[in-house]
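Here's a quick briefing to read alongside the structure. Take a look at the model first, then work through the points below.

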Amino acid sequence: PKLLIMGPPGAGKGTQSSNIAEEYGVEHVTTGDALRSNKQMDLSDMDTEYDTPAAYMDAGDLVPDQVVNAIVEKALTEADGFVLDGYPRNPAQAKELEDMTDLDIVLAVSVGRDELLTRLTGRRVCDDCGTNYHAEYDQPEEDGVCDGCGGELIQREDDTREAAENRLDVYEENTEPVIERYRGHDGFVEIDGEQAPDAVWSDIEQAIDDHT
Ligand code: AP5
Ligand code: ZN
């Protein structure tokens, strides 16, 4: 199937997309991860305000559309089924996506602002394998060390309080209108993302099974 997962920063899109990719054998297409692996990419001939994605990302601002559109276009032509995570983030990107592909299901994961801030500022990420932890709710066995691969746990540059607040503001202004656009879509399903990860996952599985 062709799935889109939407929701604010910290809603659990990445966590649940990994479940979806594993369970349904689709490609996890994530602009956030793609940009993080190319943070120092040279944008100087693209007529953008800053010369690298890092300058936008660390502050929690959106990377220019032309950069992100190209990433998604390439990834989607290579994928059969997919779960798209982190795109579209504004109406212009939504328009681009419409020209690239149709969608079977749009999942909108909702979580309140206070909970999002707690999740984001407490998140710790393995520098090697990318596994998520949380400083209070999901601690590794050994302080600062990944259970899976032994890598170092770090805080994402954009998970500081200031950058996280900005990401939530950017989301409300630019991305929420996109969700409103999809609300009438046949496969649109709203998911309560405040529940525990397992409960969120079982709601998502149900939604996918109902629509495929
Ligand atoms: P991106 O990487 O997409 O970040 P985001 O949307 O801010 O999302 P996060 O990764 O922070 O959260 P998530 O919803 O995936 O939640 P997660 O599962 O990790 O984008 C980063 C930046 O890249 C943007 O700011 C922008 O600069 C740029 N960018 C990306 N796409 C772009 C685009 N299309 N256009 C322009 N720029 C773009 O979970 C979060 C935490 O909560 C974790 O610690 C997790 O363990 C925990 N958690 C998850 N689920 C639960 C639960 N149910 N209960 C309790 N804790 C939970
Ligand atoms: Zn690791």
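How are α6 and α7 oriented to each other? This is a predicted model, and in it the axes of α6 (residues 113–122) and α7 (residues 161–182) cross at roughly 140 degrees. That makes α6 and α7 oblique to each other, since over 145 degrees would be needed to count as roughly antiparallel.

**The helix pair**
- The axes of α6 and α7 come within 10 Å, and α6 passes α7 in a right-handed crossing.
- On the α6 side, the contact uses Arg113, Leu116, Leu117, Leu120 and Thr121, while α7 brings Arg161, Ala164 and Leu168.
- Sorted by class, that contact of α6 with α7 comes out as five nonpolar, one polar and two charged residues.

**Around ligand 1**
- There are 33 residues around ligand 1, and Pro9, Gly12, Gly14, Gly32 and Gly86 come nearest.
- Elements giving two or more residues to this shell are α1 (13–24), α2 (31–36), α3 (53–57), α6, β6 (132–134) and α8 (197–211).
- As for chemistry, the shell around ligand 1 has 13 nonpolar, 12 polar and eight charged residues.

**The annotated binding site**
- An unreviewed UniProt entry carries a "binding site" annotation, and the residues it covers include Thr31, Arg36, Asp61, Gly86, Tyr87, Arg156 and Arg167.
- The annotated residues span 137 residues in sequence, and their farthest two C-alpha atoms are 24.8 Å apart, so they don't all gather at one spot.
- Asp61, one of the annotated residues, sits in the loop between α3 and α4 (65–78).

Conventions
Residues numbered from 1 in each chain as written. Chains lettered and ligands numbered in written order. Predicted model: local features only at pLDDT ≥ 70, side-chain atom pairs only at ≥ 80, totals over all residues. Axes fitted to C-alpha atoms, helices over the stretch in contact; angles between N-to-C directions. Helix = DSSP H or I, 4+ residues; strand = E, 2+ residues; numbered from the N terminus. Parallel < 35°, antiparallel > 145°, perpendicular 65-115°, else oblique. Left-handed = near helix turned anticlockwise from the far one by under 90°. Contact = placed C-beta atoms within 7 Å. Nonpolar A, V, L, I, M, F, W, Y, C, P; charged D, E, K, R; others polar. Near = placed C-beta within 6 Å. UniProt positions renumbered as here; feature names shortened; annotations may be inferred.
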